[in-house]
Amino acid sequence: MSVRSFHRGRILLALTTTLTGVVAVGSPVIADPAGTPAPAAPLAVAFDTAAARYDVPRDLLVALGYAESRLDMHTRIPSAAGGHGLMHLASNPGVRTLDEAAALTRLSAATLRTEPAANVLGAAAVLRSYADQAGLTVATRDDVNGWYGPLARYGGASEPSVARLYADTVYDLLRAGFTGRGEVVAGRPVAPRRGALERAAVLGGTGTLSTDYGPAAWAPASTSNYTVASRPGSHPVTRIVIHTAQGSYSGTVSWFQNPAAQASAHYTLRSSDGAVTQSVREKDIAWHAGNWTYNTQSIGIEHEGYVDNAAWLTDAMYRASAALTRNLATKYGIPKDRAHIIGHHEVPGATHTDPGPNWNWTYYLQLVNGITGIGSGTVVTEASSLNVRSGPGASYPVVGSVADGATVAVYCQAVGSTVTGPYGTTAVWNRIGTNRYVSDAYLLTGYDGYIPNVPRC
């Protein structure tokens, strides 16, 4: 997939013939190595079409989708805030982007919720309408830095610091670059024009820190979404409940500030770097577990992402969350075990499945209990590079490669299929990133097999 730029004048591409009211024209082609034209991927066509039809910078649109969902429709299950699809078109008392998209595109809400191409088109239409209301002209629409206001508005946050967090997340992705679902967005310098949000507090900056947990930013939930208490005096704190947010970091923090949410958690963790925001004081009762007794006696921790997509579960988030849980367990005398650190699905009467089947409890509890080392090793192979697989075994799909002689971090080690390499025959596999494994037979770590103090996956 080639890197795509912001420039206008791109040919309108086919969306999908199922989208009533959208004119379909010719799709672009990409030449394969043999010179035979190959059709563009459906998602690429969807972004091309939406960006051209509504004159929205294409990479901005892709970055918005990546921030919201990692470009995943997440099996058509809405987020906790009632957001749908890869672009998180929402329908809740505070944010009505789904309804706005339906009015602007004349597509049904059902189509916008469930069809990826329609979902992208709807988001582009809403962004363009916001840009028009903000006074962006044909010339200024070409400059991605001028879209900050419409982007922040799309997020729907009522509190300026959270609105800034939302928009900054998208611009940070544009600055760094990213790859996902066949889309490649190259990093580039950005200088977003924040307008009035330039004066908004930066979460985690001076004046916004939690008084309960030093590393956390403070962004209070609406008083309609939790119960004031004086724990642990009023109620003992005996458990920690682990959640998956079913949404993005900034979107989750924003949702807790929406009086209509009727839900909250004490803390929320970000996937990319483990940043943490507190929304409810530990002394107060967050509404997170769906069981009043458990609410009164627990701390709720949300994690950015969706239960059906393991890509959100980064080592940075695991480690930051475990550090928070370790702090809470020590503070309140909570045993650091699975009887007291539980998933939302384990709460009596729970209708939720989070944190989901991808959550690695073994790894997490090791981190909570202080087995937190990170090892390192040098790749040694007779070839120019070594395949990286999605799991600990030769039968897992290849998801990348590392060059011979490269140094890699080892976050945890797992038992998998047996492999023979330069360092003998072994069933040990090293996790070098999220869903990225290499056999220990090809890694010089200084140890024979397991590395001391590195967790087991």
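This report describes the nonpolar cores, the two largest pockets and one helix of a predicted model.

**Nonpolar cores**

The largest nonpolar core holds 60 residues, and the members that touch the most others are Phe 47, Leu 61, Met 87, Tyr 154 and Tyr 171. At least two residues of this core come from each of helix H1 (42-54), helix H2 (58-69), helix H3 (97-105), helix H5 (116-133), helix H6 (148-155), helix H7 (160-176) and helix H8 (249-256). The greatest contribution, eleven residues, is that of H5.

Tyr 171 illustrates the packing around one of these core members. Leaving aside residues up to four places away in sequence, Tyr 171 is in contact with Leu 60, Val 144, Asn 145, Trp 147, Tyr 148, Leu 151, Val 190 and Pro 192. A second core, separate from the first, comprises 29 residues, among them Val 237, Ala 322, Ala 329 and Ile 334.

**Pockets**

The table sets out the two pockets.

| Pocket | Volume | Lining residues | Nearest the centre | Lining by class |
|---|---|---|---|---|
| Largest | about 790 Å³ | 37 residues | Tyr 66, Arg 70, Ser 271, Ser 272, Ala 311 | 15 nonpolar, twelve polar, ten charged |
| Second largest | about 480 Å³ | 26 residues | Ala 80, Gln 246, His 344, His 352, Asp 354 | eleven nonpolar, 13 polar, two charged |

In the largest pocket, two or more lining residues are given by each of H2, H7, strand E5 (178-180), H8 and helix H10 (315-332). H7 supplies the most, with nine residues. For the second largest pocket, H8 provides the largest share of the lining, namely three residues.

Some elements therefore recur in the account: H2, H7 and H8 each give at least two residues to the largest core, and H2, H7 and H8 also each give two or more to the lining of the largest pocket.

**Helix H3**

Which residues of H3 are buried? They are Thr 97, Leu 98, Ala 101 and Thr 105. Viewed down the helix axis, these buried residues of H3 lie within an arc of 100°, and they therefore line one face of the helix. Their packing partners are H1, strand E3 (83-84), strand E4 (89-90), helix H4 (109-114), H5 and H6. Among these partners, H1, H5 and H6 are also named as contributors of at least two residues each to the largest nonpolar core, as is H3. Directly after H3 comes Arg 106, which has a positive phi, near 60°.

Note on methods
Residues numbered from 1 in each chain as written. Predicted model: local features only at pLDDT ≥ 70, side-chain atom pairs only at ≥ 80, totals over all residues. Heavy atoms only, no water. Core = buried A, V, L, I, M, F, W, Y, C linked by side-chain atoms within 4.5 Å. Buried < 20%, exposed > 50% of the residue type's maximum accessible area, 1.4 Å probe, protein only. Helix = DSSP H or I, 4+ residues; strand = E, 2+ residues; numbered from the N terminus. Contact = heavy atoms within 4.5 Å. 1 Å grid on protein atoms, 1.4 Å probe; cavity = no way out; pocket = protein on both sides within 12 Å on 5 of 7 lines; lining within 4 Å. Points joined across faces, edges and corners; volume = space filled by probe spheres on them. Nonpolar A, V, L, I, M, F, W, Y, C, P; charged D, E, K, R; others polar. Arc of directions from axis to C-beta.
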